[in-house]
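Got your viewer open and ready to click? Let's take a short tour, stop by stop, and look at what turns up at each selection.

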Amino acid sequence: MLPLDRLRELLRELDDPDPEHREMPRNYDVPAARQRFRRFADALEGRFGPSVSAGMGQDSSFLGAASVPAEATGTGRPLWVLISNFGPFVTAGTGRRWGLPGCEEGLDDEFVTWLDELCTELGCVYVPIALLMEPYDGPTHLGDDEAGEALLAALAAASSADEEEEEEEDDLPLAWYDRYFQYM
C-alpha cells in the first residue's frame, strides 16, 4: 500500500473543483472503467463465491460497488468494496453503514493485502477508510444544493434506519470519503 502521505497527495491532485467534474474526472474513459470494475467483481466472486453482488453507481463519484454477504466472508459481517470514478481509488469496509466511522472494523490484514495487490494489478489505488474519514478540506463544493437536498429527503423518507442513526450521520463533518465515494 502507498504511504498515507502519498495517498493524501493523490486525493488532492485529482480533486477538480469544476462543478462539471464532481462525479468524474475530465477525459474519463467510461468503457475502460467499466471493464476494470467487472474485473474487480470477478476477482471478488473468485475469492468469495457466487453470492457476491455488484452494481454500478449513478449520480455519484463512485463507479460501482460490490458486496459480499456476511455468510461468505467468514467474519460474520458483510463486506463491501467501492470503486471511485477518480484515480481510480478503491476502498473497502464491513457492515451496512458505508462511509461512517467504524465501517472498517473486521477488515483483516490478509484481505487488505489481497485487495491492494489486485488494485496494483488493475492500475488502481487502495485507500483505507481511516484516511477517507479525515475531514475534507479540498476545493470542490460538496455542500447540499436544492437537488441534493431533495434526494436526501427522499432517501431519508424511504430509509428504515432509526432517527438516532440519521442524527449521527447528519452530525458528521464532510470527509474525503464524501468527495470520492458518495452520491452527488
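In which loop does N27 lie? Select N27 and you'll find yourself in the loop between α1 (4–13) and α2. Keep in mind as you go that this is a predicted model. N27 isn't a glycine, yet its phi is positive, at about 55°. Is N27 buried or exposed? Turn on the surface: N27 is exposed, with a relative accessible area of 81%.

Next, jump to D59, in the loop between β1 (53–56) and β2. D59 also has a positive phi of about 55°, although it is not a glycine. D59 is partly exposed because its relative accessible area of 45% falls between the 20% and 50% cut-offs.

**Into a pocket**

Now select M24, R34, G57, L63 and N85. Of the 13 residues that line the second largest pocket, these lie nearest its centre. Which elements give two or more residues to that lining? They are α2 (30–48) and β2 (62–68), so colour those two if you like. The pocket has a volume of about 160 Å³. Colour its lining by residue type and you'll get 6 nonpolar, 4 polar and 3 charged residues.

**Two helices crossing**

Stay with α2 and add helix α4 (residues 109–121) to your selection. Two packed helices are described by the angle between their axes and the distance between the axes. Here the axes of α2 and α4 come within 11 Å and cross at roughly 145°. The crossing is right-handed. To see who is touching whom, show these side chains:

- from α2: R39, F40, A43, L44, R47 and F48
- from α4: E110, F111, W114, L115, L118, C119 and E121

What kinds of residues make up this contact of α2 with α4? There are 9 nonpolar and 4 charged ones, with no polar residue in the set.

**Last stop: V125**

Finally, pick V125, in strand β5 (residues 125–126). V125 counts as buried because its relative accessibility is 17%, and buried means under 20%. What is V125 in contact with, leaving aside its neighbours within four places in sequence? Show L2, L7, L10, P88, F89, V90 and C119. You've already met C119, as one of the α4 residues in the helix contact. Before you close the viewer, try a distance label from V125 to F86: they are 39 residues apart in sequence, and 9.9 Å apart in space, C-alpha to C-alpha.

How values were computed: Residues numbered from 1 in each chain as written. Predicted model: local features only at pLDDT ≥ 70, side-chain atom pairs only at ≥ 80, totals over all residues. Heavy atoms only, no water. 1 Å grid on protein atoms, 1.4 Å probe; cavity = no way out; pocket = protein on both sides within 12 Å on 5 of 7 lines; lining within 4 Å. Points joined across faces, edges and corners; volume = space filled by probe spheres on them. Helix = DSSP H or I, 4+ residues; strand = E, 2+ residues; numbered from the N terminus. Nonpolar A, V, L, I, M, F, W, Y, C, P; charged D, E, K, R; others polar. Buried < 20%, exposed > 50% of the residue type's maximum accessible area, 1.4 Å probe, protein only. Axes fitted to C-alpha atoms, helices over the stretch in contact; angles between N-to-C directions. Left-handed = near helix turned anticlockwise from the far one by under 90°. Contact = heavy atoms within 4.5 Å.
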